[in-house]
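The following exercises concern a single protein chain. Each consists of a task and a solution worked in steps.

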Amino acid sequence: TIGRMARLQDPIRISSVSELGALIRARRREMKLRQADLSSISGVDQSNLSKIERSQIPATLETYLRLLEPLGIDLQAVPRE
């Protein structure tokens, strides 16, 4: 599951916005941050953060990057082999 994978140091393949939202939620919880904390740090509205984590709304790439940065997650584009 994403929650378990979020603790690993190996890259995680994300293939949908729902998986990305789940990763954000898992990492936030792992870091013991409340949604209000991540919202304040990232500048993303808390209600939008909640919806993003639950895959209720899609977000722009910029918004995902703003959420991933304080969680210590890098987004990488790797060519398929």
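**Exercise 1. Contact range and overall composition**

Determine what share of the contacts between residues at least 6 apart in sequence joins residues at least 24 apart, and describe the elements of the chain.

*Solution.*
Step 1. In this predicted model, 44% of the contacts between residues at least 6 apart in sequence join residues at least 24 apart.
Step 2. The chain holds five helices and zero strands, so that its order from the N terminus reads α-α-α-α-α.
Step 3. The chain has 81 residues, of which 28% count as buried.
Step 4. About 5700 Å² of the chain is exposed, and carbon and sulfur atoms supply 49% of that area.

**Exercise 2. The two faces of helix α3**

Identify which residues of helix α3 are buried, and state which elements they pack against.

*Solution.*
Step 1. Helix α3 spans residues 35–42, and its buried residues are Gln35, Leu38, Ser39 and Ser42.
Step 2. These residues lie on the same side of α3, because the arc they cover around the axis is only 105 degrees.
Step 3. Ser40 and Ile41 are exposed and sit on the face turned away from the buried side.
Step 4. The packing partners of the buried residues are α2 (17–30), α4 (46–53) and α5 (61–68).
Step 5. After α3 comes Gly43, which has a positive phi, near 80 degrees.

**Exercise 3. The surroundings of Glu53**

Establish whether Glu53 is buried or exposed, and list what its side chain pairs with.

*Solution.*
Step 1. Glu53 belongs to helix α4. Its relative accessibility is 4%, so Glu53 counts as buried, the cut-off being under 20%.
Step 2. Apart from neighbours within four places in sequence, the residues in contact with Glu53 are Gly21, Ala22, Ile24, Arg25, Arg28 and Gln35.
Step 3. With Gln35, the contact includes a polar one between the two side chains, at 2.8 Å.
Step 4. Side chains of opposite charge can pair when their charged atoms come close. Arg25 forms a salt bridge with Glu53, with 3.3 Å between the closest N and O atoms. This pair links distant parts of the chain, Arg25 in helix α2 and Glu53 in helix α4, 28 residues apart.
Step 5. Arg28 also forms a salt bridge with Glu53, and here the closest N and O atoms are 2.7 Å apart. Arg28 in helix α2 and Glu53 in helix α4 are 25 residues apart, and this pair likewise links distant parts of the chain.
Step 6. The two arginines can be classified by accessibility: Arg25, at 23%, is partly exposed, whereas Arg28, at 6%, is buried.

**Exercise 4. Salt bridges of the structure**

State how many salt bridges the structure holds, and find which residues are joined into one network.

*Solution.*
Step 1. The structure holds four salt bridges.
Step 2. One of them pairs Asp37 with Arg34, the closest N and O atoms being 2.9 Å apart. Asp37 is partly exposed at 23% relative accessibility, and Arg34 is exposed at 55%.
Step 3. Salt bridges with shared partners join Arg25, Arg28 and Glu53 into one network.

**Exercise 5. A nonpolar surface patch**

Find which residues form a nonpolar patch on the surface, and classify Leu65 by accessibility.

*Solution.*
Step 1. The patch consists of Leu61, Leu65 and Leu75, which together have about 290 Å² of accessible area.
Step 2. Leu65 is located in helix α5.
Step 3. With a relative accessible area of 40%, Leu65 is partly exposed.

Methods. Residues are numbered from 1 along each chain as its sequence is written. This is a predicted model: local features need pLDDT of at least 70, side-chain atom pairs count only at pLDDT 80 or more; totals for chains, interfaces and linings use all residues. Side-chain values use heavy atoms; hydrogens and water are left out. Buried means under 20% relative accessible area, exposed over 50%, partly exposed in between (1.4 Å probe, protein chains only). Helices (H or I, at least four residues) and strands (E, at least two) are DSSP runs, numbered from the N terminus. The arc is that of the directions from the helix axis to the C-beta atoms. Contact means heavy atoms within 4.5 Å. Accessible areas come from the Shrake-Rupley method with a 1.4 Å probe; for residues, only the protein chains shown count as cover. Patches are made of residues with over 30% relative accessible area and no salt bridge: like charges are joined within 9 Å, nonpolar side chains (Val, Leu, Ile, Met, Phe, Trp, Tyr) within 5 Å. A polar contact is a pair of N or O atoms within 3.5 Å; within protein, one must be able to donate a hydrogen and the other to accept it, and residues adjacent in sequence count only if both atoms are side-chain atoms.
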